[in-house]
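Q: I have this chain open and would like to talk it through before I go back to the bench. Could you take me through it?

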Amino acid sequence: KAYAQAGGIAEEVLMLIRTVVAFGGEDKETTRYQVELENARKVGNKKSLLSGLVMFVTFFIIFGAYALAFWYAGVLIREHGASGGDVMTTFFAVLIGAFALGYAAPNVEAVNVARGSA
């Protein structure tokens, strides 16, 4: 939205460039455009910080789950006599199943919309 406002100012000035130059409004319009760009930059900085934090939390959970799974696999092998192959097979089966459910989740909304329309 902030970039759209700055773009609107640029579009307005460029469409009416003869009038702006005729009245000597170049400096005023430049300042107005720079103010809107500064607002857009501030919004962009906040969005990028939030995006970075979300990515941090997401990858922390993913890699933490991997670490927990491999730690527990070691416990199963050491204390319960499970074979490494059985543990790895189960680990990757659960991992592939989780990815499949994750990829299917966005389509559930489309199915619910279709059911509601019928």
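A: Below we go through the overall fold, one helix and a few residues, keeping in mind that this is a predicted model.

Q: Okay, how many helices and strands does the chain have?
A: The chain has 4 helices and 0 strands, and in sequence order that gives the pattern α-α-α-α.

Q: And is the chain a compact globule or more spread out?
A: It is more spread out than a compact globule, because the radius of gyration of the chain is 28 Å, whereas the globule rule gives 13 Å for 118 residues. Along the principal axes, the C-alpha trace spans about 85 × 45 × 15 Å.

Q: What share of the residues is buried, then?
A: Buried residues make up 12% of the 118 residues in the chain. The chain exposes about 9,600 Å², and carbon and sulfur atoms supply 69% of that area.

Q: What about contacts between residues that sit 24 or more positions apart?
A: Counting contacts in the chain with a separation of 6 or more, residues 24 or more positions apart account for 44% of them.

Q: Switching to charge: how many positive and negative side chains are there?
A: There are 10 positive and 10 negative side chains, and the centres of those two sets lie 4 Å apart.

Q: Now H3. How far does that helix reach?
A: Helix H3 covers residues 26-80, which is 55 residues, and reaches 79 Å from its first C-alpha to its last, close to the 81 Å expected at 1.5 Å a residue. Just after H3, Gly 81 takes a positive phi of about 75°.

Q: Which residues in H3 are buried?
A: Those are Glu 29, Glu 36, Ala 40, Ala 73 and Val 75.

Q: And what covers them?
A: The cover over the buried residues of H3 includes helix H1 (2-15), helix H2 (17-22) and helix H4 (84-117).

Q: Glu 29 caught my eye; why does it count as buried?
A: Glu 29 has a relative accessible area of 15%, and the cut-off for buried is under 20%.

Q: Which residues does Glu 29 touch?
A: Leaving out residues up to four places away in sequence, Glu 29 touches Ile 9, Val 13 and Val 20.

Q: Same helix, other residue: is Leu 37 buried or partly exposed?
A: Leu 37, which also has its place in helix H3, counts as partly exposed at 31% relative accessibility. With residues up to four places away in sequence left out, Leu 37 touches Tyr 3 and Ala 6.

Q: How far apart are Leu 37 and Gly 7?
A: In sequence they are 30 residues apart, while in space Leu 37 and Gly 7 are 9.1 Å apart, C-alpha to C-alpha.

Q: Last one, Thr 90: where does it lie?
A: Thr 90 lies in helix H4 and is partly exposed, with a relative accessible area of 49%.

Q: And how far is Thr 90 from Val 108?
A: Their C-alpha atoms are separated by 26 Å, with Thr 90 and Val 108 being 18 residues apart along the chain.

Note on methods:
Residues are numbered from 1 along each chain as its sequence is written. This is a predicted model: local features need pLDDT of at least 70, side-chain atom pairs count only at pLDDT 80 or more; totals for chains, interfaces and linings use all residues. Side-chain values use heavy atoms; hydrogens and water are left out. Helices (H or I, at least four residues) and strands (E, at least two) are DSSP runs, numbered from the N terminus. The expected span of a helix is 1.5 Å times one less than its number of residues. Buried means under 20% relative accessible area, exposed over 50%, partly exposed in between (1.4 Å probe, protein chains only). Contact means heavy atoms within 4.5 Å. The radius of gyration is taken over C-alpha atoms; the globule rule is 2.2 Å times the number of residues to the power 0.38. Accessible areas come from the Shrake-Rupley method with a 1.4 Å probe; for residues, only the protein chains shown count as cover. Lys and Arg count as positive and Asp and Glu as negative; His and the chain ends are not counted. The place of a charge is taken as NZ of Lys, CZ of Arg, CG of Asp or CD of Glu.
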